[in-house]
Amino acid sequence: MKYYITTPIYYPSGKWHIGHCYTTIICDAIARFHRMKGEDVFFTTGTDEHGQKVEKEAAKRGVTPLAFITPLVDEIKEMWSLLDVSYDRFIRTTDPAHAECVQKIYQKLYDSGDIYKSEYEGYYCVPCESMWTEAQLVNGKCPDCGRAVERRKEESYFFRLSKYAPKILKHYGDNPEFLQPKSRVNEMVNNFLKEGLQDLSVSRTNVKWGVPLPFDERHTAYVWVDALINYLSVLGYLSADDSLFKKYWSANLHLMGKEIVRFHAIIWPAILMALGLPLPERNYGHGWLLIGGEKLSKSKETGSEELTDPYELVKRYGADAVRYFLLREIPFGSDGEYTNERFLLRVNADLANDFGNLVSRTEAMILQNFGCVPQRGKEEAVDKELIALANGTFAKVESAMEKLNAPDALSAIFALVSRANKYIDETTPWALAKDPAKKDRLGAVLYNLAEVVRMTAILLKPFLTKAPALVLKSLSQDENAGFEALQFGGLKGGEKVEKLEPLFPRIDVKKEMQAVAEFVRANRKKSEPKKTEKKQETMKKELITIDEFDKVEIRVGEVVACEKVAKSEKLLHETVRIGGEVRSVVSGIGKFYTPEEMVGKKVVVVTNLKPAKLCGVLSEGMILCAEDGEGNLSLVSPEKLMESGGSVR
């Protein structure tokens, strides 16, 4: 049986945190699980390297986009290696074979009439590379990331997304497993599909760093469509060798964060329908890692002292600990809270106290009393209970993993670990060892414990990549053993046992949290730019044309009234006369000017900004100020006396 599983391909920003690892580690655990079942698994990941973000960042550094992006791609590969991610193929959207596939797909859609030329007008979020209508914006900003958007109007090619809305809705109804969890279905239907879809702009003329369209090289492919096509191009779709495509498509699972479900559950199915290809069996949009209720990336921006760097976490605690926390602690499908304390407590409780302690106690008692694995002995009721649980655990793990629920799978495994530790307390092998007449009983107890340790190590192999192999090796077992070896009784007795160093040394949580906080603060201080550097950075802006500047309307105004905005220390509400009209303007200058000082001042105002409400007060323009390197503001005013309403050029 084949199993094709994908993660989204990542934009290699170089600013990694543990949240970036979540999707890929889940996919890796799923891939390893199916491989251990004997299935033919193809697991892919990669990097999304085109688009305006890359183009802008490269230009800032004075290098080509490819030169800018390649070291970052190497970093992400290093991170996956560090975390033992076992992908079968890594794809870059800059690979020539991928670009060729993108062009062939665009050509097919153009030839079939599903792509046509028109004009795009709307709002664009550069960081998300996403387009929005005005109705979809939240407080005038991107609904996904909360950043400012750009209004754009340009020639574009469009994909007839609207044509496929009824078919997508029908597919949801006919295939309830297609999009999970159920909350994602409700979101897609209520927010997008119910009211119908608008056709999608799928090309850009103002972005050169992308795949040129085969029928119009002035245009490059929209970066999100370019990225989605990786799921086909990585299999050789439309290439001379499409054997992987024939073998593995359609995908069994696309796994992604909830913020990009729209692309995978609406745009991607529509493209596949237009190409006449079968849709993936399942799309799953999982939740986020949060710190204090904030998405991990935002919490970093607000000065959190939690250690989230995956490189440093692996260095301090090991890859198994990082993988285990992500797979065990976060409720699958929902958001989960991350803190250093939760991480350390989970590692201590499960890996050090429960699993590590079980292994060390069992092997120490075997070495002390027998020197090798004892023979299987006569079973009592307490033994049979443990054996039944050991033999039944795989079914629970398999059931959970079929639902993609790694936390429940690990919970079942650690229920066996917990029961084995309790079994030690019930059978008291240390007491049995004192009575020579109970040597056989001691041997039976330790054999049962050794078997549980062996079976637990095999069960943990999809999730942990280092400790299980060490445990199996210490019992003279095949480190590559699969699930077929899970029947109780696999140890024959007489196997050599090697003493292991502690797999997961217990951590002094209070002491370690102090050390981590100091480390985070020290690194943040190192990365803070000097004030002079900050001043220089703020002056670096993208060059614009005279035509673009001409769109900004700037006039002289006179402040005729001013008051503080309630519940704000820095906002002032000015009434400004600009020629023959009076406008309401809100400015963040309350720390530098009193309302009394503002009245009568001549100010320079941007007058063609879209009106917005700040703290509930309407603002119909922007008063311009100069800012020094310390963040102090000073009003910009005409050098000579000018009448209000005069233009600023």
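Here is a chat between two people about a predicted model and what its atoms show.

Colleague: Let's begin with the sheets. Which strands stand at the edges of the open sheet of six strands?

Modeller: That sheet has parallel pairing and runs in the order β3-β2-β1-β12-β13-β7. An edge strand here pairs on one side only. The two that do so are β3 (89-92) and β7 (179-180).

Colleague: Staying in that sheet, which residue in β12 does I5 stand opposite?

Modeller: Strand β1 covers residues 2-6 and strand β12 covers residues 253-257. They pair in the parallel sense over two bridges. Opposite I5, in β12, stands L253.

Colleague: Now the open sheet of five strands. Why is one side of β19 and of β23 left without a neighbour in the sheet?

Modeller: The pairing in this one is antiparallel, and the order is β19-β18-β17-β20-β23. β19 (581-587) and β23 (622-623) stand at its edges, so each is left with a single partner strand.

Colleague: And what is the bridge partner of V606 in β23?

Modeller: Strand β20 takes in residues 602-606. It runs antiparallel to β23, and two bridges join them. In β23, V606 has as its bridge partner M622.

Colleague: Over to β6. Over how many bridges do β4 and β6 pair?

Modeller: Strand β4 is residues 115-125, and strand β6 is residues 150-159. One of the contacts puts K117 across from Y157 in β6. The two strands pair in the antiparallel sense, and the bridge count is 10.

Colleague: β6 also meets β8, right? What is the bridge partner of F159 there?

Modeller: β6 and strand β8 (residues 200-201) run antiparallel, joined by two bridges. In β8, the partner of F159 is L200.

Colleague: Let's talk about empty space. Which element gives the largest share of the lining of the second largest pocket?

Modeller: That pocket has a volume of about 550 Å³, and 29 residues line it. M131, T133, Q136, Q198 and D199 are the ones nearest its centre. β4, β5 (130-132), β6, α6 (182-193), β8 and α10 (261-275) each supply at least two lining residues. The largest share, five residues, comes from β4.

Colleague: What about closed spaces: how much space lies in the largest cavity?

Modeller: The count comes to three cavities of 30 Å³ or more. Residues lining the largest cavity include H50, Y124, R204, W209 and Y222. The space inside that cavity is about 60 Å³.

Colleague: On to charges. How far apart in sequence are the parts that K247 and D40 tie together?

Modeller: The side chains of K247 and D40 meet in a salt bridge, 2.8 Å from N to O. K247 lies in helix α9 (residues 243-248) and D40 in strand β2 (residues 40-47), so the pair ties together parts that are apart in sequence by 207 residues.

Colleague: Is K247 buried, partly exposed or exposed?

Modeller: Exposed needs over 50% relative accessible area, and buried needs under 20%. K247 has 45% relative accessibility, so K247 falls in between. Its partner D40, at 28%, also counts as partly exposed. The class for K247 is partly exposed.

Colleague: Which helix holds both E57 and K60?

Modeller: E57 forms a salt bridge with K60, with the closest N and O atoms 3.6 Å apart. E57 is partly exposed at 22%, while K60 counts as exposed at 64%. They sit three residues apart, about one turn of the helix, and that helix is α2 (residues 52-61).

Colleague: How many salt bridges are there in the whole structure?

Modeller: One of them joins D242 and K246, with 3.5 Å between the closest N and O atoms. Elsewhere, K37, E39, E398 and E402 are linked in a network of salt bridges. A search of the whole structure gives a total of 38.

Colleague: Last one, on the surface. What is the accessible area of the nonpolar patch formed by I544, I546 and F549?

Modeller: I546 is in helix α22 (residues 546-549). I546 is exposed, with a relative accessible area of 66%, and a patch residue needs over 30%. Together, I544, I546 and F549 have an accessible area of about 330 Å².

Definitions and conventions:
Residues are numbered from 1 along each chain as its sequence is written. This is a predicted model: local features need pLDDT of at least 70, side-chain atom pairs count only at pLDDT 80 or more; totals for chains, interfaces and linings use all residues. Side-chain values use heavy atoms; hydrogens and water are left out. Patches are made of residues with over 30% relative accessible area and no salt bridge: like charges are joined within 9 Å, nonpolar side chains (Val, Leu, Ile, Met, Phe, Trp, Tyr) within 5 Å. Accessible areas come from the Shrake-Rupley method with a 1.4 Å probe; for residues, only the protein chains shown count as cover. A salt bridge is a side-chain nitrogen of Lys or Arg within 4 Å of a carboxyl oxygen of Asp or Glu. Helices (H or I, at least four residues) and strands (E, at least two) are DSSP runs, numbered from the N terminus. Buried means under 20% relative accessible area, exposed over 50%, partly exposed in between (1.4 Å probe, protein chains only). Two strands pair if DSSP finds at least two bridges between them. On a 1 Å grid over the protein atoms alone, a cavity is a set of points where a 1.4 Å probe fits but cannot get out, and a pocket is an open set with protein on both sides within 12 Å along at least five of seven lines; lining residues have an atom within 4 Å of a point. Grid points are joined across faces, edges and corners, and a volume is the space filled by probe spheres set on the points.
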